[in-house]
Amino acid sequence: YIFILIYLQMIFNTEEAYNIIKDCIEGVLGKADYNHDSVNKWTAAIVEQSLANLVKLGKTYKYIVTCAVMQKYGAGLHSASSCFWDTTTDGTCTVRWENRTMNCMVSVFAVAIIL
């Protein structure tokens, strides 16, 4: 029984992470218009808040969070990542958010800590 609880604790919940990240993005960017001078502040706040809220879940993971904010002006934005890990415990989640003036992409990588 204890083993099952520990195992369930180590399954990365993508939907839960997606909702946390989306809420952080919306809380920071809200209805803001793109402003080059604010991008560093915005990205730092999104990364820090996402990480803090993921850690509050109390799961045994190491988290890596990345954030990109780009002005919307007709250019494309492509992203890719690759991981070599245990797919039964580790996971990733990417949230793409946009408004009329900017795109935001946040990725979270969660690597289980086996004690």
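**A walk around helix H3 and beyond**

Ser50 counts as buried, because its relative accessibility comes out at 0%. That is a handy place to start in this predicted model. Ser50 belongs to helix H3, which covers residues 39–55. Setting aside the neighbours within four places in sequence, the contacts of Ser50 are Ile20, Ile21, Cys24 and Val65. Ile20, Ile21 and Cys24 fall within helix H2, residues 14–29, while Val65 falls within strand E1, residues 61–71.

Let's widen the view to the helix itself. How far apart should the ends of H3 be, given its 17 residues? At 1.5 Å a residue the expected span is 24 Å, and the end C-alpha atoms do sit 24 Å apart, so the expectation and the model agree. Ser50 isn't alone in being buried here: Val39, Trp42, Thr43, Ile46 and Leu54 are the other buried residues of H3. Looking down the axis of H3, you'd find these buried residues within an arc of 95°, so they line one face of the helix. The general rule behind such patterns is that an α-helix has 3.6 residues a turn, so residues three or four places apart point the same way.

Now flip H3 over. On the face turned away from the buried side you'll meet the exposed residues Asn40, Lys41 and Glu48. And what lies over the buried residues of H3? The cover includes H2, E1 and strand E3, residues 102–112. H2 and E1 have come up already, through the contacts of Ser50.

Next, the charged side chains. As a general point, side chains of opposite charge can pair when their charged atoms come close. How many salt bridges turn up in a search of the whole structure? The search finds four. One of them sits inside H2, where Glu26 pairs with Lys22 and the closest N and O atoms are 3.8 Å apart. Both partners lie in that helix, four residues apart, or about one turn. Glu26 counts as partly exposed because its relative accessible area is 35%, and Lys22 is also partly exposed, at 32%.

Another salt bridge joins Lys72 to Glu98, with the closest N and O atoms 2.5 Å apart. This one links distant parts of the chain: Lys72 is in the loop between strand E1 and strand E2 (91–98), Glu98 is in E2 itself, and 26 residues separate the two. Lys72 is partly exposed, with a relative accessibility of 31%, and Glu98 is partly exposed too, at 36%. Glu98 has a further partner in Arg96, where the closest N and O atoms are 2.8 Å apart. Arg96, at 55% relative accessible area, counts as exposed, because the cut-off for that is over 50%. Through the partners they share, Lys72, Arg96 and Glu98 become one network of salt bridges.

Last stop: the empty space inside. The count is one cavity of 30 Å³ or more, and the largest cavity has a volume of about 50 Å³. Which residues line it? The lining is made up of Ile11, Phe12, Asn13, Glu16, Ala17, Leu54, Leu57, Lys59, Tyr61 and Tyr63. H2 and E1 are the elements that give two or more residues to this lining. Leu54 closes the loop with our starting helix, as it is among the buried residues of H3 and also lines the largest cavity.

Conventions
Residues are numbered from 1 along each chain as its sequence is written. This is a predicted model: local features need pLDDT of at least 70, side-chain atom pairs count only at pLDDT 80 or more; totals for chains, interfaces and linings use all residues. Side-chain values use heavy atoms; hydrogens and water are left out. Buried means under 20% relative accessible area, exposed over 50%, partly exposed in between (1.4 Å probe, protein chains only). Contact means heavy atoms within 4.5 Å. A salt bridge is a side-chain nitrogen of Lys or Arg within 4 Å of a carboxyl oxygen of Asp or Glu. The expected span of a helix is 1.5 Å times one less than its number of residues. The arc is that of the directions from the helix axis to the C-beta atoms. On a 1 Å grid over the protein atoms alone, a cavity is a set of points where a 1.4 Å probe fits but cannot get out, and a pocket is an open set with protein on both sides within 12 Å along at least five of seven lines; lining residues have an atom within 4 Å of a point. Grid points are joined across faces, edges and corners, and a volume is the space filled by probe spheres set on the points.
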